[in-house]
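Let's take a walk through a protein model together, one stop at a time. Have the viewer ready, and rotate things as we go.

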Amino acid sequence: MTEAEQEKAPDLSALEQEGEIAADYVEGLLDIADIDGDIDMDVEGDRALVSVVGLKGTELVGAGGEVLEALQELTRLAVHRQTGERSRLMLDVAGYRERRRAELTKLGTEVANQVRERGEPKSLNPMTPFERKIVHDAVASAGLRSESEGEEPQRYVVVLPA
């Protein structure tokens, strides 16, 4: 590995530490709310991934994942408070993000095919950064390009013809 690659490579122990801090924080929130759930930790690419599994309801996800997004931000703040470093931690609850990833990958591929057939750009509904990234990746895999437009929280993806 070159020196430049070593500098770009994620620090596995730091990511594991982020995951442990986040897991402890989320576990404390679950205890306070008296919600039963188990915590799984992993490192995926260059970010820690913490998942709450074994939940019965969707109260920690909310409509369109809005509660999950808020919990993720609070968890990132808790990690930042302890490490002093900005966290890119990903929080998932009851497999919501995995299901959403599959839906958005399908959407991105379908819209890319429509844009390819019609030759006209297509704008999608506003999405979170997590959701936009998945759509951008799906569009790129389909051989087209896309860009994000607008201002948060109304930022959206535009799929462009070749």
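We'll start at a single residue, glutamate 44. Its relative accessible area is 39%, so glutamate 44 counts as partly exposed. Before going on, keep in mind that what you're looking at is a predicted model.

What does glutamate 44 form a salt bridge with? The partner is arginine 101, and the closest N and O atoms of the two are 3.8 Å apart. That falls inside the cut-off, because a salt bridge here asks for a side-chain nitrogen of Lys or Arg within 4 Å of a carboxyl oxygen of Asp or Glu. Arginine 101 is partly exposed as well, with a relative accessible area of 28%.

Now look at where these two sit. Glutamate 44 belongs to strand β1 and arginine 101 to helix α4, so the pair links distant parts of the chain, 57 residues apart.

Arginine 101 has another partner, too. It forms a salt bridge with glutamate 98, where the closest N and O atoms are 3.6 Å apart. Why might these two be within reach of each other? They are three residues apart in helix α4, which means that about one helical turn separates arginine 101 from glutamate 98. Glutamate 98 is partly exposed, at a relative accessible area of 42%. Put the pieces together and you get a network of salt bridges linking Glu44, Glu98 and Arg101.

Next, find aspartate 46 and arginine 88. Their side chains meet in a salt bridge, at 2.7 Å from N to O. This pair also links distant parts of the chain: aspartate 46 is in the loop between β1 and β2 (47–53), while arginine 88 is in the loop between α3 (66–83) and β3, 42 residues apart. Both ends are partly exposed, with aspartate 46 at a relative accessible area of 45% and arginine 88 at 31%. The count for the model comes to ten salt bridges.

Time to zoom out. The protein chain has five helices and six strands. Read from the N terminus on, the elements go α-α-β-β-α-β-α-β-α-β-β. The C-alpha trace spans about 50 × 45 × 25 Å along its principal axes. How many of the 162 residues count as buried? The share is 34%.

Let's turn to the charges on the surface. Glu16, Glu20, Asp24, Glu27, Asp31, Asp34, Asp36, Asp38, Asp40 and Asp42 form a negative surface patch. Which elements supply at least two of its residues each? They are α2 (12–33) and β1 (38–44). The largest share, five residues, comes from α2. One of the patch members, aspartate 31, is found in helix α2. With a relative accessible area of 58%, aspartate 31 is exposed, and that fits the patch rule, because its members need over 30% relative accessible area.

Another patch member deserves a stop of its own. Aspartate 34 is found in the loop between α2 and β1, and it is exposed, with a relative accessible area of 68%. Its backbone is worth a look: aspartate 34 has a positive phi of about 55° although it is not a glycine. Why point that out? Most residues other than glycine have a negative phi, and most peptide bonds are trans.

Alanine 94 gives you a second case to look at. Its phi is near 55°, again a positive value in a residue other than glycine. You'll find alanine 94 in the loop between β3 (90–93) and α4 (96–118). Alanine 94 is partly exposed, with a relative accessible area of 28%.

Our last stop takes in the end of the walk along the chain. An unreviewed UniProt entry places the feature "domain: R3H" at residues 98–162. That span is 52% helix and 18% strand, and its end C-alpha atoms lie 29 Å apart. Look in there for the peptide bond joining glutamate 152 and proline 153: it is cis, with omega about 5°. Proline 153 lies in the loop between β5 (145–149) and β6 (156–160).

Technical notes. Residues are numbered from 1 along each chain as its sequence is written. This is a predicted model: local features need pLDDT of at least 70, side-chain atom pairs count only at pLDDT 80 or more; totals for chains, interfaces and linings use all residues. Side-chain values use heavy atoms; hydrogens and water are left out. Patches are made of residues with over 30% relative accessible area and no salt bridge: like charges are joined within 9 Å, nonpolar side chains (Val, Leu, Ile, Met, Phe, Trp, Tyr) within 5 Å. Accessible areas come from the Shrake-Rupley method with a 1.4 Å probe; for residues, only the protein chains shown count as cover. Lys and Arg count as positive and Asp and Glu as negative; His and the chain ends are not counted. The place of a charge is taken as NZ of Lys, CZ of Arg, CG of Asp or CD of Glu. Helices (H or I, at least four residues) and strands (E, at least two) are DSSP runs, numbered from the N terminus. Buried means under 20% relative accessible area, exposed over 50%, partly exposed in between (1.4 Å probe, protein chains only). UniProt positions are given in the numbering used here, feature names are shortened, and annotations may be inferred rather than shown by experiment.
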